[in-house]
Amino acid sequence: MINYHNRKFISVQNTQNGEVSSKTYFHYFQEGQILYADYEGGEIVKGKLIGIVKEDNTLEFRYNHINTSNEIRGGKCISTPVIKNDGSIELHERWQWLDEEQTEGESIIKEV
């Protein structure tokens, strides 16, 4: 099982309806199968996520953040890890806003 504890990621790709950008940094922590992270940067003033690391190393989590317009936004996400040749991790994400918008998107974050 992949251990995500103390790994840091940056966004490298996101669909247009997302608020995470290349200026957004994530810091992941893990306790057993419980995953949580802090994220901020770009349009994100402060964000938190919490979820589960599944047996197949995929992540299922909920996220909430405050953006630069002082809006509280949140959603759900499934992330699938891809191990790169250098041993770093990319997370390929499928997410959905759970506010009024309810739209879906895809993003990729990579370990730095």
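Are F26 and Y39 buried or exposed? Hold that thought for a minute, everyone, and let me walk you through the fold. One caution before we start: this is a predicted model.

Let's begin with the overall architecture. Eight strands close into a barrel, and their order is β1-β2-β3-β4-β5-β6-β7-β8, with antiparallel pairing. Within this sheet, neighbouring strands are turned by 30 degrees against each other on average, if we ignore direction. As a general reminder, strands of a sheet pair through backbone hydrogen bonds, either parallel or antiparallel.

For one pairing in detail, please look at β6, which covers residues 72–83. Nine bridges join β6 to β7, and the two run antiparallel. If you want a specific place to click, take V82: its bridge partner in β7 is E90.

Now for the inside. The largest nonpolar core has 20 residues, and the members that touch the most other members are Y4 and Y28. Which strands supply at least two residues each? They are β2 (25–31), β3 (34–41), β4 (44–53), β5 (59–67) and β7 (89–97). Of these, β7 gives the most to the core, with four residues. That fits a familiar tendency: in soluble globular proteins, nonpolar side chains tend to be buried together.

On to the aromatics, which I enjoyed most. The count comes to six aromatic pairs, and I'll show you two. In the pair of F9 and Y28, the ring centres are 4.9 Å apart and the planes stand at 65 degrees; over 60 counts as edge-to-face, so that is what we call this pair. F9 sits in strand β1 and Y28 in strand β2, 19 residues apart, so to speak a link between distant parts of the chain. Both F9 and Y28 are buried.

The second pair is F26 and Y39, back to my opening question. Their ring centres are 5.1 Å apart and the planes are at 20 degrees, so this pair is stacked. Here too the pair links distant parts of the chain, with F26 in strand β2 and Y39 in strand β3, 13 residues apart. And the answer is that F26 is buried, as is Y39. Put the four residues together and you have one aromatic cluster: F9, F26, Y28 and Y39.

While we're on rings, have a look at W97 as well. R73 lies over the face of W97, at 3.6 Å from the ring centre.

Next, a loop. S22 is found between β1 (8–14) and β2. Which residues does S22 touch, leaving out those up to four places away in sequence? They are I10 and S11. There is also a long-range neighbour to check: the C-alpha atoms of S22 and I109 are separated by 8.9 Å, although the two residues are 87 residues apart along the chain.

Last, some backbone geometry. Most residues other than glycine have a negative phi, and most peptide bonds are trans. With that in mind, look at N6, which is not a glycine but has a positive phi of about 65 degrees. N6 lies in the segment before β1, and at 47% relative accessibility it counts as partly exposed. Q102 is not a glycine either, and its phi is positive at about 60 degrees. You'll find Q102 in the loop between β7 and β8 (104–111). With 41% relative accessibility, Q102 counts as partly exposed.

That's my tour. Thanks for listening, and I'm happy to take questions!

Terms used:
Residues are numbered from 1 along each chain as its sequence is written. This is a predicted model: local features need pLDDT of at least 70, side-chain atom pairs count only at pLDDT 80 or more; totals for chains, interfaces and linings use all residues. Side-chain values use heavy atoms; hydrogens and water are left out. A nonpolar core is a set of buried Ala, Val, Leu, Ile, Met, Phe, Trp, Tyr and Cys residues joined through side-chain atoms within 4.5 Å. Buried means under 20% relative accessible area, exposed over 50%, partly exposed in between (1.4 Å probe, protein chains only). Two strands pair if DSSP finds at least two bridges between them. Axes are lines fitted to C-alpha atoms, for helices over the stretch in contact, and angles run from 0 to 180 degrees between N-to-C directions. Contact means heavy atoms within 4.5 Å. Rings of Phe, Tyr and Trp (its six-membered ring) pair if their centres lie within 6.5 Å; planes under 30 degrees apart count as stacked, over 60 as edge-to-face and the rest as tilted. A charge sits over a ring if NZ of Lys or CZ of Arg is within 6 Å of the ring centre and within 35 degrees of the ring normal.
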